[in-house]
Amino acid sequence: YGDASQKVDYVFKVVLIGDSAVGKSQILSRYARNEFNLDSKATIGVEFQTRTMIIHHKSVKAQIWDTAGQERYRAVTSAYYRGAVGAMLVYDITKRQTFDHIPRWLEELRAHADKNIVIILIGNKTDLEDQRAVPTEDAKEFAEKEGLFFLETSALESTNVEEAFLTVLTEIFNIVN
Ligand code: GDP
Ligand code: MG
């Protein structure tokens, strides 16, 4: 973890969005530091974290922005989206409402972000399968209809988190190359 090499070929800004408490900060913490914080308030105030990965033999620095609680006040501003080439749209598979709000977030994203932004829909907390409220098939169907990538993750168990970032970063890489 951390910077894989000194030379950076690309820097890609990726934003995390979605309702409060879906696990955005934990997904970021898992990806950037391979940590899951029991006290999630620890990440409040942090604007972004980075991690450098090698994609097709190039060093790609992902600069991942987290809303740090602003989503509760609908205060995510256009500055947050500025320059973003990727977005992770997160809901909680155990909270139907967080999935029902996804179209709003998508609208917000399409209003503020670059029209070529690469978007992945993420259903987080798969470790809570017994509390599932959003069928995988519903999300998959929505993602296909909207042209989004889709994965289910668990930041807690570290399932698919790396895959989700790799999917977005590789697609961005392919677009700019
Ligand atoms: P945010 O508001 O979207 O940034 O959400 P947080 O990352 O702060 O997480 C909200 C709550 O969900 C915290 O209590 C986390 O510990 C918990 N959480 C986050 N990811 C997971 C996960 O994958 N599984 C489970 N069981 N809990 C999670
Ligand atoms: Mg957060």
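Two strands are counted as paired if DSSP finds at least two bridges between them. By this rule, the predicted model contains an open sheet of six strands in the order β2-β3-β1-β4-β5-β6, with mixed pairing. The strands β2 and β6 form the edges of this sheet, and each of them pairs on one side only. On average, neighbouring strands of the sheet are turned by 25° against each other, direction ignored.

Stepping back to the whole chain, the protein has six helices and six strands. Read from the N terminus on, these elements follow one another as β-α-β-β-α-β-α-α-β-α-β-α. Of the 177 residues in the protein, 39% are buried. Contacts that reach across the sequence are a helpful thing to examine next. Among contacts between residues at least 6 apart in sequence, 72% join residues at least 24 apart. As for the predictor's confidence, the protein averages a pLDDT of 90, and 89% of the residues score at least 70. The model scores are ipTM 0.99 and pTM 0.93.

Strand β5 is a good place to look at the sheet in detail. This strand spans residues 118-124 and is mostly covered, with seven of its seven residues buried. In a regular strand the side chains alternate between the two faces of the sheet. In β5, Val 118, Ile 120, Ile 122 and Asn 124 point one way, while Ile 119, Leu 121 and Gly 123 point the other way, and all are buried.

What joins β5 to its neighbours in the sheet? On one hand there is strand β4 (residues 84-92), which runs parallel to β5 and is joined to it by seven bridges. Within this pairing, Gly 86 stands opposite Val 118, and Ala 87 has Ile 119 as its bridge partner. On the other hand there is strand β6 (residues 149-153), also parallel to β5 and joined to it by five bridges. Here Gly 123 of β5 stands opposite Glu 152 of β6. Between β5 and β6 the chain crosses through helix α5 (residues 136-146), and this β-α-β crossover is right-handed. Helix α5 lies across both β5 and β6, and runs at about 155° to β6.The nonpolar interior of the protein brings some of these residues together. The largest nonpolar core has 46 residues, and those with the most contacts inside it are Met 88, Leu 89 and Ile 120. Leaving aside residues up to four places away in sequence, Leu 89 touches Ile 119, Ile 120, Leu 121 and Ile 122, among others. The contacts of Leu 89 also include Ile 17, Gly 18, Ile 102, Trp 105 and Leu 106.

Helix α1 (residues 24-33) is likewise mostly covered, with nine of its ten residues buried. Those buried in α1 are Lys 24, Ser 25, Gln 26, Ile 27, Leu 28, Ser 29, Arg 30, Tyr 31 and Ala 32. After α1 comes Asn 34, which has a positive phi near 50°.

Positive phi values appear again in the loop between β2 (48-55) and β3 (58-65), where His 56 lies. His 56 has a phi of about 45°, positive although this residue is not a glycine. His 57 lies in the loop between β2 and β3 too, and has a positive phi of about 65° although it is not a glycine. Are these two histidines buried or exposed? A residue counts as exposed if 12 or fewer other C-beta atoms lie within 10 Å of its own. His 56 is exposed because it has 10 other C-beta atoms within 10 Å. His 57 is exposed as well, because 6 other C-beta atoms lie within 10 Å.

The same cut-off can be applied to Asn 174, which is found in helix α6 (residues 161-176). Asn 174 has 11 C-beta neighbours inside 10 Å and therefore counts as exposed. In sequence, Asn 174 and Val 8 are 166 residues apart, and in space they are 17 Å apart, C-alpha to C-alpha.

Key: Residues are numbered from 1 along each chain as its sequence is written. Chains are lettered from A and ligands numbered from 1 in the order in which they are written. This is a predicted model: local features need pLDDT of at least 70, side-chain atom pairs count only at pLDDT 80 or more; totals for chains, interfaces and linings use all residues. A residue is buried if 20 or more other C-beta atoms lie within 10 Å of its own, exposed if 12 or fewer, and partly exposed in between; C-beta atoms are placed from the backbone. Helices (H or I, at least four residues) and strands (E, at least two) are DSSP runs, numbered from the N terminus. A crossover is right-handed if, with the strands pointing away from the viewer, the path from the first strand over the helix to the second runs clockwise. Axes are lines fitted to C-alpha atoms, for helices over the stretch in contact, and angles run from 0 to 180 degrees between N-to-C directions. Two residues are in contact if their C-beta atoms, placed from the backbone, lie within 7 Å. A nonpolar core is a set of buried Ala, Val, Leu, Ile, Met, Phe, Trp, Tyr and Cys residues joined through C-beta atoms within 7 Å. pLDDT is the predictor's confidence in each residue, from 0 to 100.
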